[in-house]
Amino acid sequence: MLVLSRQRDETIMIGDDVEITVVDVRGDKVRLGINAPRSIQVHRKEVYDAIKRENTAASNVQIDDLPSLDAQARRESPRS
Amino acid sequence: MNIETTRFGTVTVADDRVMDFPKGLLGFSKYRHYVLIESGDTTGKGTAQESYFWWLQSVDVPELAFIVTDPSLFVSGYSVPVHADQLASMGIASMDEAQVFVIVNKIDQTLTGNLQGPLVVNVQERRGEQLVLSDRRFTTRVPLMEVPAAIAAPVVAVQAPVESAVAVA
């Protein structure tokens with residue numbers, strides 16, 4: 001991993017169009033400002049990891065976990 | 001084309017039914033190609049009733065499949081906020097040209113939907129992407145419905161290949 005030291009208001013560039021600026025440092029909390037094209041998704045890693053975990057869990061669902069699924073959904077769905 | 005699956009045996013689908021997820025799904029980035037299989041067909045009855053759930057079956061990996069649903073069938077007020085640049089990168093002008101699915105999981109007897117990581121599919125080009133929403137109202141496990149405890153069925157019946165499985169739009 002590349003490790004860089006930056007002070008408040010200093011920036012690093014990733015490629016030509018992603019800028020990450022240290023906005024504030026207070027105790028053990030660092031606030032970062034990110035400028036990136038909208039086509040690049042920027043999110044906290046925990047959110048990514050949560051979705052990744054949920055995908056993995058959902059990939060283990062089997063046919064017999066879901067007996068008569070559609071029939072029941074038709075009864076329960078507000079649109080049915 | 002024929003697709004080998006562990007859940008449905010060999011499934012035959014038209015080539016133009018294959019969807020491309022160029023980035024894969026989160027945690028499954030290597031696998032790009034999927035088809036939708038109506039969950040109703042897993043009964044082998046081949047009825048033409050409208051489905052609420054589909055299997056998103058990997059073309060590349062026989063055992064990789066997800067249950068997906070249209071979240072608007074279960075959750076009101078759910079929309080996927082997508083910026084114009086992001087729409088453009090998906091090849092669509094507006095969300096009217098997209099179909100939104102969420103992946104379904106089963107937690108005990110509750111079916112949950114991953115509303116934080118919706119799948120957005122460009123219907124015309126059959127190209128999709130899993131988005132990550134920062135809106136904290138929508139979590140990875142939003143309850144959709146309860147299902148009754150499964151009645152123990154002979155394993156043989158579950159493993160029988162379903163020849164009538166058909167991919168849908």
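Here's a quick briefing on the sheet in chain A, its helix H1, and the core that chains A and B build together. Keep in mind that this is a predicted model. Chain A carries two helices and three strands, laid out along the sequence as β-β-β-α-α. The part to watch is H1(A), whose buried residues are covered in part by strands of chain B.

**Chain A overall**
- Just 14% of the 80 residues of chain A count as buried.
- Take the contacts in chain A with a separation of 6 or more: residues 24 or more positions apart account for 0% of them.

**The sheet in chain A**
- The three strands make an open, antiparallel sheet, in the order E1-E2-E3.
- E1 (11-14) and E3 (29-35) of chain A each have a single partner strand, so they sit at the edges with one side lacking a neighbour in the sheet.
- Going from one strand to the next, the twist averages 25 degrees.
- E1(A) and E2(A), the latter spanning residues 18-26, run antiparallel and are joined by four bridges.
- Within that pairing, Ile14(A) sits opposite Val18(A) of E2(A).

**Helix H1 of chain A**
- H1(A) has 14 residues, which should span 20 Å at 1.5 Å a residue (counting one less than the number of residues); the C-alpha atoms at its ends are indeed 20 Å apart.
- Its buried residues are Ile51(A), Lys52(A), Glu54(A), Asn55(A) and Ala58(A).
- Looking down the axis of H1(A), those buried residues fall within an arc of 165 degrees, so they line one face of the helix.
- Over on the other side of H1(A), you'll find Lys45(A), Glu46(A) and Asp49(A) exposed.
- The cover over the buried residues of H1(A) includes E6 and E7 of chain B.

**The largest nonpolar core**
- This core runs to 46 residues, and the ones with the most contacts inside it are Leu56(B), Val68(B), Val104(B) and Val120(B).
- H1 (45-58) of chain A supplies at least two residues of the core, and so does each of several chain B strands: E4 (33-38), E5 (53-58), E6 (65-69), E7 (98-107), E9 (119-122) and E11 (142-146).
- E7(B) gives the most, with six residues.
- As for Val120(B), leaving aside residues up to four places away in sequence, its contacts are Val80(B), Val82(B), Met90(B), Ala98(B), Val100(B), Gly128(B), Glu129(B) and Leu131(B).

Notes. Residues are numbered from 1 along each chain as its sequence is written. Chains are lettered from A and ligands numbered from 1 in the order in which they are written. This is a predicted model: local features need pLDDT of at least 70, side-chain atom pairs count only at pLDDT 80 or more; totals for chains, interfaces and linings use all residues. Two strands pair if DSSP finds at least two bridges between them. Axes are lines fitted to C-alpha atoms, for helices over the stretch in contact, and angles run from 0 to 180 degrees between N-to-C directions. A residue is buried if 20 or more other C-beta atoms lie within 10 Å of its own, exposed if 12 or fewer, and partly exposed in between; C-beta atoms are placed from the backbone. Two residues are in contact if their C-beta atoms, placed from the backbone, lie within 7 Å. A nonpolar core is a set of buried Ala, Val, Leu, Ile, Met, Phe, Trp, Tyr and Cys residues joined through C-beta atoms within 7 Å. The arc is that of the directions from the helix axis to the C-beta atoms.
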